[in-house]
Number of protein chains: 2
Amino acid sequence: MDTKSAILDSALDLFNAQGTAEVTTNHIARDAGISPGNLYYHFRNKAEIIRALFERLFNAWDVIFTLDEVRQPTLDDLERLVRANFETLWEYRFAYRELVALLRQDDQLKGRFLQVRERGFQGFSELFQHFMAAGVLPPTTGTSDVTDIAEMCWLISEFWLPYLEVSDREVDPVWLERGVRLMLRAIGV
Amino acid sequence: MDTKSAILDSALDLFNAQGTAEVTTNHIARDAGISPGNLYYHFRNKAEIIRALFERLFNAWDVIFTLDEVRQPTLDDLERLVRANFETLWEYRFAYRELVALLRQDDQLKGRFLQVRERGFQGFSELFQHFMAAGVLPPTTGTSDVTDIAEMCWLISEFWLPYLEVSDREVDPVWLERGVRLMLRAIGV
DNA sequence: GTCTATATCGCGATAGAC
DNA sequence: GTCTATCGCGATATAGAC
């Protein structure tokens, strides 16, 4: 049993349930079944725990957004991708709930996050180029339009879950599907 | 000079700059130029200050969303409304940055917020009915489609600013206009 | 690697004088 | 209505034994 992982598991659960500000290192240690002192053996402070959780999220993204290069992606691929992304964002829901605050508190995290996000968005935009090339999107659509659509989709991807939470709706498969549908509508299919 | 207002002004500035968790009642008192004890004469605790700031936001919304009843609204009205909403949300940007967390911490605030938001969204949806009636939107569009469009626009209204911040872009008139344009595109004009 | 014990700090909140 | 003084608490982080 890896103590470091146990700490991160507990931290994730508690952050998701109560928020990073409310959860103390003592809470995390107790939930993980270790002493507060031991926690500080594995992590220098709470910020480092948060950064480690973000790295987990980045890894999950890597898996999701690494597309099969051998064939042209389809709209089904896009749907699957968005669904997988929703599920991952739900697993790490504390992150986007508090994102602006977390990034301001930690320059190191901010830099890393922007870097990862930028790469992700670029891959996402390329998807749309593929769609145009494959004729899924009308090829007459101008470049700026494609950018608009990609950005619109990205906005939905990132904020549909917070939107549901703010609306006091259950984040369940039905509402997630609605997010997917809204995105497909944005694309115009 | 109204001390209560001075406290709220200081709190708003500090919350926007640093986040509600980082800002203590002592900070607010110092910024407002009063003693910590005096702050507690006017407000029972920090949560009450936050609720008061949300009430200010609600009032601002009231002004924005109270439409002239005598004439049919136009797309220009919609644009103006969205711009005004962006500006207000920027003035109270701490609110949507931390919204999910703030609502979970305070049931009273949560109930009030959902009530105000629900009313706002209903008024917003009615706008779209007007548009259909006035022929700005194609009348053939189904009811569920209109709901989709309204929800899409609402999502943009609420999260375009956080989206900009997460993107590390300046929240300036140019980027705000882009939000408006994205919304008009969602409507299909 | 993990524990217990503890130092240090600062926040939220109250009491009581003016 | 405003101040100063202060209590009580709990959080972060470290020291040192095992």
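Copies are superposed by least squares on the C-alpha atoms of residues with pLDDT of at least 70 in both. On that basis, a turn of 180° and a shift of 0.0 Å along the axis lay chain B on chain A with an RMSD of 0.0 Å. That is the relation of a two-fold axis. Both copies use the same surface: 97% of the contact residues of chain B recur in chain A, contact meaning heavy atoms within 4.5 Å.

This is a predicted model: local features need pLDDT of at least 70, side-chain atom pairs count only at pLDDT 80 or more, and totals for chains, interfaces and linings use all residues. Residues are numbered from 1 along each chain as its sequence is written, chains are lettered from A and ligands numbered from 1 in the order in which they are written, and side-chain values use heavy atoms, with hydrogens and water left out.

**Surface near DNA strand C**

- DNA strand C is surrounded by 15 residues; a residue is near a strand if one of its heavy atoms lies within 4 Å of it.
- The closest are Thr3(A), Ser35(A), His42(A), Thr25(B) and Tyr40(B).
- Of the strand C atoms within 4 Å of the protein, 75% belong to sugar and phosphate.
- H3(A) gives the largest share of this surface, 4 residues.
- H3 of chain A, and helix H2 (25-32) and H3 of chain B, each supply at least two residues; helices are DSSP runs (H or I, at least four residues), numbered from the N terminus.
- By class, there are 3 nonpolar, 11 polar and 1 charged residues. Ala, Val, Leu, Ile, Met, Phe, Trp, Tyr, Cys and Pro count as nonpolar, Asp, Glu, Lys and Arg as charged, and the others, Gly among them, as polar.

**Phosphate contacts of DNA strand C**

- Thr3(A) places a polar side-chain atom 2.9 Å from a phosphate oxygen.
- His42(A) does so at 2.8 Å.
- Ser35(A) uses a polar backbone atom, 2.8 Å from a phosphate oxygen.

**Surface near DNA strand D**

- DNA strand D also has 15 residues around it, the closest being Thr24(A), Thr25(A), Tyr40(A), Ser35(B) and His42(B).
- Sugar or phosphate makes up 74% of the strand D atoms within 4 Å of the protein, and bases the rest.
- H3(B) gives the largest share, 4 residues.
- The classes are 3 nonpolar, 10 polar and 2 charged.

**Phosphate contacts of DNA strand D**

- Tyr40(A) has a polar side-chain atom 3.1 Å from a phosphate oxygen.
- A side-chain N or O atom of Thr3(B) lies 2.9 Å from a phosphate oxygen.
- For His42(B), the distance from a side-chain N or O atom is 2.9 Å.

Key. Polar contact = N/O pair within 3.5 Å; in protein donor to acceptor, adjacent residues only side chain to side chain.
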